[in-house]
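Subject: Structure for you, with notes

Hello,

Here is the structure for you to look at. My notes follow below it.

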Amino acid sequence: MNVHVKHVEANEWINRMIKLTKPANVIMIDGSEKQKEQLIKEAVAAGELLELNQEKLPGCYLRRSDPTDVARVENRTFICTEKEIEAGPTNKWAYAPSMNTKMYELFHNSMEGKTMYIIPYMMGPYGSPFSKIGFELTDSRYVVLSMLIMARCGNKVLEELGEDGEFVKGLHSVGTMDPEERYICHFPDEKAIYSFNSEYGGNVLQGKKCFSLRIASVIARDEMWLAEHMLILAIKKPDGQKVYVAAAFPSACGKTNLAMLVPPKKFLDEGYEVTTLGDDIAWLRKAPDGRLYAINPEYGFFGVAPGTSAKSNFNALESTKKGTIFTNVALNTDDNTVWWESLTKIPPENLLDWKGNPWTDRENTKGAHPNSRFTAPAENCPCLDEDFNSPTGVPISAIIFGGRRAKIMPLVMESFDWNHGVFLGSSMGSETTAATTGQVGVTRRDPMAMLPFCGYNMSDYFAHWIEMGEYLGDKAPKIFNVNWFRTDDDGSFMWPGFGENFRVLKWILARCEGKASGVECEIGIIPEEIDFDGLDITSEVKAELFNVDKERWDVEIEEIQAFYDKLDYVPEALEKEFEALKKRVRG
C-alpha cells in the first residue's frame, strides 16, 4: 500500500512509515468540509465522540479520554539527541539512536486493522515567511478532527510545501494506552516527533507544544528568531493606532484571560479596544524594518475549561459555542450540553461526570476533570484581531513576563534594558497554590514560561535571547514584568485583576511611547503614577502594590542562585545582571 505526494523526501518517509505500522487503510486529509463531516460521523458511530445539542452548540462534540491519559506527561516526554548536554539538565534526555530503535519497535505493526490518516499541516498563515509545515501520521480520528481545528490542514498545505520545501515528520499511534510505555519523543536533529500510547491533546496534537515550541525553538535558534510560549494581543487606542504586545506566563497565571481581556467600561467609552491574535504561542522574527514581528502559528484554542465563565473570560467562552470538541468535561443530561466548575455558580441537577458516571459525590469529586479542555476554532473569538491571518505578522512593542507572586513582585515594572529583561525572564517563577500541590507559596522557577517546552539546553536558550537583543539593537521591544497576584496579610488579593489589568497595559503602552514616567528602584522601573481612577483602592494598598521588600528579595536572590546552579552555565550577560541586582538590594 503506497501513497504519493510530490515532495520526494516526504513521499519516501510516509511510505516507509506505512510499511512500518502496516495500517489496513490510508487516508490523506484534504482539509475539505465533506471529509471532516464523514470523519465526525464515523467517530460518533464508534463512540469516540458524543454529539451534543446541535441547536445550542452547533458542530460541538464531547470526548472522554482514558482516565490515565488526561494531561501532558513531562516524565514521559523526551528530547532525543546524540549528547545529553544538547538537551540540558532541565529536559528529560534520551540517546537518540537508542530511542529511535525503541520507537521503531513500538510502532512496528501498531496500526494493523486500523486506518492511518496523513495530516499535512501548516503552523502559521498561508503565504507567510514565518510559517512551517509538518506531517502527522496518526490512527486517531480524534487527533485528526482536533488538528483540523488547531492548524491549517490539507491540500493547500501540500501546495505550499511543493516538491522541495522543509517539513517536520510526525508519527502517532494510540497503541495499547499502556502508561508505562507512553512516549512523547522529539528528535531536533531529524526534525521528527513520535508519540505513542497517548491520545491527550498536549501529547498528540503534534503541531502544538511538540512542533511549535520544542522543535521550533531549536529551528528558531538556528535561524535567529524566537519560538515562545506567549500570547499576542493588540491595544487599539482612541486615535485608531494599534500597539501589539506579547506575554509569557506559567500555567494558572491568567494568560488566556489577558489575551482575551475586555477593558472596563471607562476605557471602552474612551475608545480603547483589545483584540487577540493568540493565547498560547508566538513566533517572533526580525522584519526588514528592523523590528520584531510576531505570528500565532496556531489556528485554534486548546483551553482549560474549568474556571472559564462569562465573568472570567467572556470571549473564550463565546469561542466554544460552535465547532468545538470538549474533552473530559461534565455532560448535562437535561439538555445534552456541557458543564464544568465555575461555568455557573450552581451546577445543573443531572450531570454525568467526566468519566460518564452520574455525578453524585459533589462534595469530594469534580464534575469536570481539572485539566478538561475545549478545542475551539480561533475564528469563533469575538475579539479576534483583523491581522490574525496576516502573513507578515504584527510588530511587537513590548514583551511581558509574569507569575503568581504573593509578596515579591510589584504589580508592574519595566526592565532597565534588554539584558535586564532577559534576566527577569530567566529567573521568573510562580508560587504554587493549595489546589494544585497541597502547599502554598512554593516557588517554581519557569524561565520565560518555557521550562517544559524548550527543545534544547536552557543555558543556550538564555544565550540566544541575549544574542537576539544584540541582533535587534535599539529596535528591540521593551520588556516588562507583571504580577496580578500580590496579597495582603490575610492572603486576599490586593489587585482586582481580570479586565482591570487593562490599567497596567495602558501604562506599558505609554512607556513604549515615551509618554509615562517611571521611577528606578532596586529591581526595575516602577510607575510614578498609574490610572487608578474609579477603583476602590486605598493609598496604603497602592503603595504596597509597588513595595520592594529588601529582606524578601535577599531570600529571592538565594533562590535564583539555587536555580542558576542547576544549569550547565549562565551566560556572562546574565551573571552581570545578577551581580548588579545583588549590589542594589544588599548595598
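A cavity here is a set of grid points where a 1.4 Å probe fits but cannot get out. Please keep in mind that this is a predicted model.

Cavities

Rolling a probe the size of a water molecule over the atoms shows where empty space is left. The structure holds 4 cavities of 30 Å³ or more. Two of them are described here.

The second largest cavity contains about 50 Å³ of space. Its lining is made up of Gly402, Gly403, Arg405, Met409, Met428, Gly429, Asn481, Val482 and Asn483. By class, that lining has 3 nonpolar, 5 polar and 1 charged residues.

The largest cavity has a volume of about 60 Å³. Lys132, Ile133, Glu166, Phe167, Val168, Lys191, Phe211 and Ile219 line this largest cavity. Two elements, β7 (132–138) and α8 (207–223), give two or more residues to the lining. The class split for the largest cavity is 5 nonpolar, no polar and 3 charged.

Pocket

Next, an open site. The second largest pocket has a volume of about 580 Å³. It is lined by 26 residues, and the closest to its centre are Glu33, Lys36, Leu148, Ile149 and Pro377. Which elements each supply at least two residues of the lining of this pocket? They are α2 (33–45), α5 (141–150) and β8 (152–153). Helix α2 gives the most, with 4 residues. The lining of the second largest pocket divides into 13 nonpolar, 7 polar and 6 charged residues.

Helix pair

Two packed helices are described by the angle between their axes and the distance between the axes. For helix α12 (residues 418–426) and helix α18 (residues 572–586), the axes come within 9 Å and cross at roughly 85°. Angles of 65 to 115 degrees count as roughly perpendicular, so α12 is roughly perpendicular to α18.

On the α12 side, the contact uses Asn419, His420, Val422, Phe423 and Ser426. On the α18 side, they meet Ala573, Leu574, Glu577, Phe578, Leu581 and Arg584. The contact of α12 with α18 has 6 nonpolar, 3 polar and 2 charged residues.

Sheets

One open sheet has 5 strands, in the order β2-β3-β19-β23-β18. Its pairing is mixed. Strands β2 (50–51) and β18 (300–304) stand at the edges. Each has a single partner strand, so one side of each is left without a neighbour in the sheet.

Inside this order, strand β3 (residues 61–63) and strand β19 (residues 325–327) run parallel and are joined by 3 bridges. Leu62 stands opposite Phe326 in β19.

Another open sheet has 3 strands, in the order β21-β20-β22. Here the pairing is antiparallel. The edge strands β21 (337–339) and β22 (351–352) each pair on one side only. Strand β20 (residues 330–332) is joined to β21 by 3 bridges, and the two run antiparallel. Which residue in β21 is the bridge partner of Asn332? The partner is Thr337.

Where to look

When you open the model, you could begin with the crossing of α12 and α18 at roughly 85°. Then turn to the second largest pocket, where α2 gives the most to the lining. The parallel pair of β3 and β19 and the antiparallel pair of β20 and β21 can follow.

Best wishes

Methods:
Residues numbered from 1 in each chain as written. Predicted model: local features only at pLDDT ≥ 70, side-chain atom pairs only at ≥ 80, totals over all residues. Heavy atoms only, no water. Axes fitted to C-alpha atoms, helices over the stretch in contact; angles between N-to-C directions. Parallel < 35°, antiparallel > 145°, perpendicular 65-115°, else oblique. Contact = heavy atoms within 4.5 Å. Nonpolar A, V, L, I, M, F, W, Y, C, P; charged D, E, K, R; others polar. Pairing = 2+ DSSP bridges. 1 Å grid on protein atoms, 1.4 Å probe; cavity = no way out; pocket = protein on both sides within 12 Å on 5 of 7 lines; lining within 4 Å. Points joined across faces, edges and corners; volume = space filled by probe spheres on them.
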